[in-house]
Amino acid sequence: MSIVREPRSIARKFLARPQQEGLGAVVRRSIGRFELRYFDPFIVLDEFSVSAPAGFPDHPHRGFETVTYMLQGAVTHEDFDGHKGTIKAGDLQWMTAGRGVVHSEMPATEGIQKGLQLWINLSSKHKMIQPRYQEISGANIGEATKDGVKVRVIAGEALGIKSTIHTKTPTIYLDFTLKPGSQIQQPIPKSYNSFVYILEGEGIFGQDSRTNSPISSHNLLLLSGFGDGLVAWNKGTKILRFILVGGEPLGEPIEQLGPFVMNTQEEIDQTIEDFENYTNGFEKARYWRSQARVELGY
């Protein structure tokens, strides 16, 4: 019996090409680029690759959540409130920036560090809440395997496994790996906007495996708003790995200036004033410098 009665089709497809970001880091940006500025409630999706001494030194955020999911290597995070930690391959950090955070994200080991960072918008009532961190080691992320399909449940539910992550904006975030010859049917709440980002291999997504062509890695697939889930097939000879992400649209105005995401231009102007004057959540930024910044001498 099918658990997805109306599979969502692919509405748009984007190939994420490498670009420079931060201090010498390379990112493949699929959401947040000029063709796709915003996909409510998602602001940015980056697949990043960074090697020391490059990285993402001291920078602020306000008004949204960042979700960092490590694929290879490790990154050390440090913020102006004394929070510091290292996330390794398979680990997750879900940071609610709320009213304001200044932090750095830098390579923790030699070689290339790879991961995904997703920015999720917060509703107007949550934009100025206190910052919060949820960090989960890879060993504590729920997994399930069935008929050649493995899923890691970062947020939401799949194959009977529920995530322990609390999301301010209702979200699903699932990491699927399909062996050759396998397929998956995954329900998606009908009200959610959703997308697929392919990490490895190639797969067929949508309504008909006979007529749709395989799509390869580094492609973002925006799914249509009609349907109750995703159907995907791996008809190749290699592993297919992709993330499926969905979220409840906020339906609110959005104004963005780099790492500040608010609802109005007046709120952006106030945020700039707060950041420059170390007020309303940015007080601790006045004298704070990350260890990485001190060591790099700038």
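**Salt bridges and helix H1**

Biologist: What is the relative accessible area of Glu6?

Modeller: In this predicted model, Glu6 counts as partly exposed. That class lies between the 20% limit for buried and the 50% limit for exposed. The value for Glu6 is 43%.

Biologist: Which residue forms a salt bridge with Glu6, and how many residues apart in sequence are the parts tied together?

Modeller: The partner is Lys190, with the closest N and O atoms 3.2 Å apart. Glu6 sits in the segment before strand E1 and Lys190 in the loop between strands E18 and E19, so the bridge joins parts whose separation in sequence is 184 residues.

Biologist: Is Lys190 buried or exposed?

Modeller: Exposed requires over 50% relative accessible area. Lys190 has 55% relative accessibility and therefore counts as exposed.

Biologist: Which residue of helix H1 meets Arg62 in a salt bridge?

Modeller: The N to O distance of this pair is 3.0 Å. Arg62 lies in the loop between strands E5 and E6 and its partner in H1, so parts 212 residues apart in sequence are tied together. Arg62 is buried at 1% relative accessibility, and the partner is buried at 2%. The H1 residue is Asp274.

Biologist: Why do the buried residues of H1 line one face of the helix, and within what arc do they fall?

Modeller: Ile268, Thr271 and Asp274 are buried in H1. Viewed along the helix axis, the directions of these buried residues share a limited arc, so they line one face. Glu266 and Glu276 are exposed on the face turned away from the buried side. The buried residues fall within an arc of 120 degrees.

Terms used:
Residues numbered from 1 in each chain as written. Predicted model: local features only at pLDDT ≥ 70, side-chain atom pairs only at ≥ 80, totals over all residues. Heavy atoms only, no water. Buried < 20%, exposed > 50% of the residue type's maximum accessible area, 1.4 Å probe, protein only. Helix = DSSP H or I, 4+ residues; strand = E, 2+ residues; numbered from the N terminus. Arc of directions from axis to C-beta. Salt bridge = Lys/Arg side-chain N within 4 Å of Asp/Glu carboxyl O.
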